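Trainee: I have a new structure open and would like to go through it with you. Could you help me see how its parts fit together?

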Amino acid sequence: MDSIKCFEELEVWKTGIALSVQIFELFKNCHNFGFRDQIQRSVVSIPSNIAEGFERQTNKEFVQYLFIAKGSCAELRTQLQIAMHTKMITTEIGQRLINETKIVSSQLYNLIQYRKTFINTQ
């Protein structure tokens, strides 16, 4: 992990990018512009906060941004539930994407736990 030189090497960032692309593609023709904007902003926030945190000066700041990304992932999962309940997307697609958000959330949790071990040693 410490040999990683840039955020683009992080698996969780790559997964967040892939999830963002899927959400943008899925909702590109959504006529509920407020909802489309909100779900796109939440999904983009995941890899964006990972990247921003990685570039911060301290490990403590990085962990803080990972928590923000994790919160955005939960926000996205909520919006996917709403999209399924309002028939914007099928249950099958919604559940697949929700499972992907759970993977991202787990990856973020593991990275947070790992990085927290370095906070008090700096």
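Trainee: How do H2 and H3 run relative to each other, parallel or antiparallel?

Mentor: In this predicted model, H2 and H3 pack with their axes 8 Å apart at an angle of about 160°, and since angles over 145 degrees count as roughly antiparallel, H2 and H3 are therefore roughly antiparallel to each other.

Trainee: And which hand does the crossing of H2 and H3 have, left or right?

Mentor: H2 passes H3 in a left-handed crossing, and the contact between H2 and H3 is made up of 16 nonpolar, seven polar and two charged residues.

Trainee: Let me pick a residue, then. Where does Ile46 lie, and is Ile46 buried or exposed?

Mentor: Ile46 lies in helix H2, and because its relative accessible area is 0%, Ile46 is buried.

Trainee: What is Ile46 in contact with?

Mentor: If you set aside the neighbours within four places in sequence, Ile46 is in contact with Ala69, Ser72, Cys73, Leu76 and Val104. Ala69, Ser72, Cys73 and Leu76 fall within the range of helix H3, residues 59-85, while Val104 belongs to H4. You can also look towards Ile17, which is 29 residues away from Ile46 along the chain, with 8.2 Å separating the two C-alpha atoms.

Trainee: What about Gln79, is that buried or exposed?

Mentor: Gln79, which lies in helix H3, counts as buried because its relative accessibility is 7%, the cut-off for buried being under 20%. Not counting residues up to four places away in sequence, Gln79 touches Phe35, Gln38, Ile39 and Ser42.

Trainee: Switching to H1, how do H1 and H2 cross?

Mentor: The axes of H1 and H2 come within 8 Å and cross at roughly 165°, which makes H1 roughly antiparallel to H2. The crossing in which H1 passes H2 is left-handed.

Trainee: Which residues meet there, between H1 and H2?

Mentor: On the H1 side they include Trp13, Ile17, Phe24 and Phe27, and on the H2 side they include Phe35, Ile39, Val43 and Pro47. By class, the residues of the contact of H1 with H2 divide into 14 nonpolar, three polar and one charged. Phe35 and Ile39 may be familiar by now, as both are also touched by Gln79.

Trainee: And H4, how does that helix cross H1?

Mentor: Helix H1, residues 11-27, and helix H4, residues 91-116, have axes that come within 10 Å and cross at roughly 155°. H1 and H4 are therefore roughly antiparallel to each other, and their crossing is left-handed. The residues of the contact of H1 with H4 divide into nine nonpolar, four polar and three charged.

Trainee: Which residues make up the meeting of H1 and H4?

Mentor: From H1 they include Glu11, Leu19 and Leu26, which meet a set of H4 residues that includes Arg96, Glu100, Val104 and Leu111.

Trainee: How many residues does H4 have, and how far does H4 reach?

Mentor: H4 has 26 residues and reaches 36 Å from its first C-alpha to its last, which is close to the 38 Å expected at 1.5 Å a residue.

Trainee: Last one: which residues of H4 are buried, and what covers them?

Mentor: Among the buried residues of H4 are Gly94, Leu97, Thr101, Val104, Leu108 and Arg115, and what covers the buried residues of H4 includes H1, helix H2 and helix H3.

Definitions and conventions:
Residues numbered from 1 in each chain as written. Predicted model: local features only at pLDDT ≥ 70, side-chain atom pairs only at ≥ 80, totals over all residues. Heavy atoms only, no water. Axes fitted to C-alpha atoms, helices over the stretch in contact; angles between N-to-C directions. Helix = DSSP H or I, 4+ residues; strand = E, 2+ residues; numbered from the N terminus. Parallel < 35°, antiparallel > 145°, perpendicular 65-115°, else oblique. Left-handed = near helix turned anticlockwise from the far one by under 90°. Contact = heavy atoms within 4.5 Å. Nonpolar A, V, L, I, M, F, W, Y, C, P; charged D, E, K, R; others polar. Expected span 1.5 Å × (residues − 1). Buried < 20%, exposed > 50% of the residue type's maximum accessible area, 1.4 Å probe, protein only.
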